[in-house]
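Me: I should like to go through the terms applied to this model one by one. Please set each value against its definition before concluding.

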Amino acid sequence: MSKITAAITGVSGYAPEYIMTNKELETMVETNDEWIVSRTGIKERRILKGEDQGTSAIAIPAVLDLLKKTNTRPEEVELLICATTTPDFVFPATANIICAEVGAVNAFGYDLQAACSGFLFALATGAQFIETGKYKKVIVVGADKMSAIVDYTDRATCIIFGDGGGAVMLEPNTEGLGVQDSILKSDGTGAQFLHMKAGGSRRPATAETLARREHYAFQEGQQVFKFAVKGMADVAAEVMERNHLTSEDIAWLVPHQANKRIIDATANRVGVGPEKVMINIQKYGNTTSGTIPLCLWEYENQLKKGDNVILAAFGGGFTWGAMYLKWAYDPK
C-alpha cells in the first residue's frame, strides 16, 4: 500500500477592500512613505471596516471560494483548523463560527494560536490527520484582523500590520506529493519582545489597562528582527539540508511577510534568488497568520505539479518553523 501524504489540493485568499496607504499613515503618526518602504518594504495594507466584523469575516469568503474551486460540498469537510491571533471571541472558537457560516455541518473545528507561525503550525497539524488516514478533507485557515489590536499612535507597529488571510484544502495523496517534512520550534523566553500585555486571564481588561493602552500589540523591533532573521533563515536551511535539497532544487520559497529585510536574509541563507521568492508584503503588510496562504493564493497560477516549495515563518512567543512540500497540481 502506497504511503499517504497530505497534499494541498486548492488554495484561496481574501483581502478586505479598504486600502490604507503609507500616505494615510503620515496623517496619523510621525512617519513617511520613504521611511516605511526602506525599513519594511510595505507600501499599503488592507483594513477590515464595518461594525461587528471579526477575523471570521476574512476567513468565510476565503473558505467559500476554496470549496467552490475544489468542487467540495461543505458537508464533506471533516475538520477545519483556524490559525489566528485575533479570534472573533475568546470563545467560541473562530473555526466553529466559520464552519457554521459555510455549512460545514459535519466538521469539527478549533483555533490554533502561534502568532505569525500559526498557519505553518496548523498546516503541519492538519497534515497529521490526513497522513494517519483519519480524514480525507481538512481545511486549514490562516487569517487575522490585526487592525483590531494595533495602536495607531505607535509608529513602531502600526506601519507593519494589515488584515487578510487565506485557506487551503488538504487531501490524501499517494504520488509522493504534498507535505514532505516540517521543523517547528518555540521559545517562550522571547515573549517579552513581542506580545500583548493585557486582555488575557493574567491581566483581564480594567479601566487601568485600557488607559495604559495595554490591549495592543507591543514589539521591540530590534530584538524581534535579530531573532527572526536567524530563526527563520536557519530552520529553512535545516529542512532543506535534511532532505538533501540544494537551492537549484527549490522552485519557490514562501516566507512569512514580516519585513522585506527578513525575507531577503532568509532567501540569501538558503541561496535562492528573488525570482524564486513569493513576496506581496508591499500590498498587504504583515497579516500574521494570513501571509503564507495569501502568497500561495496570489502565486497559485505560477505553481506547477511537483514543484519543491519551502515555507518558513517566525512569530511572537517566539515561534518559528519551516516546511518542505511538493506542490500537487498544475495551474487550472
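Me: What makes helix 11 largely enclosed by the rest of the structure?
Reply: Buried means under 20% relative accessible area, with exposed over 50% and partly exposed in between (1.4 Å probe, protein chains only). T291, I292, P293, L294, C295, L296 and Y299 of helix 11 are buried. Seven of the nine residues of this helix (residues 291–299) therefore meet the criterion, so helix 11 is largely enclosed. Helices (H or I, at least four residues) and strands (E, at least two) are DSSP runs, numbered from the N terminus.

Me: What is the basis of these values?
Reply: This is a predicted model, in which local features need pLDDT of at least 70 and side-chain atom pairs count only at pLDDT 80 or more, while totals for chains, interfaces and linings use all residues. Residues are numbered from 1 along each chain as its sequence is written, and side-chain values use heavy atoms, with hydrogens and water left out.

Me: Why is E214 called buried or exposed?
Reply: E214 has 10% relative accessibility, so it counts as buried. This residue lies in the loop between helix 7 (207–211) and strand 10 (217–219).

Me: Which residues does E214 touch?
Reply: Contact means heavy atoms within 4.5 Å. Not counting residues up to four places away in sequence, E214 touches M196, K197, A198, R203 and T209.

Me: Why is A237 in helix 8 called buried or exposed?
Reply: A237 counts as buried because its relative accessibility is 5%. Leaving out residues up to four places away in sequence, A237 touches R269 and V270.

Me: What makes a set of residues a nonpolar core, and how many residues has the largest?
Reply: A nonpolar core is a set of buried Ala, Val, Leu, Ile, Met, Phe, Trp, Tyr and Cys residues joined through side-chain atoms within 4.5 Å. The largest has 81 residues, and L123, L296, I310 and L311 have the most contacts inside it. At least three of its residues come from each of domain 1 (5–176) and domain 2 (180–327), the bounds being from an automatic or database domain assignment. A second, separate core of 21 residues includes A59, I60, V102 and A167.

Me: How are the residues lining the second largest pocket divided by character?
Reply: Ala, Val, Leu, Ile, Met, Phe, Trp, Tyr, Cys and Pro count as nonpolar, Asp, Glu, Lys and Arg as charged, and the others, Gly among them, as polar. By this rule the lining has five nonpolar, one polar and six charged residues.
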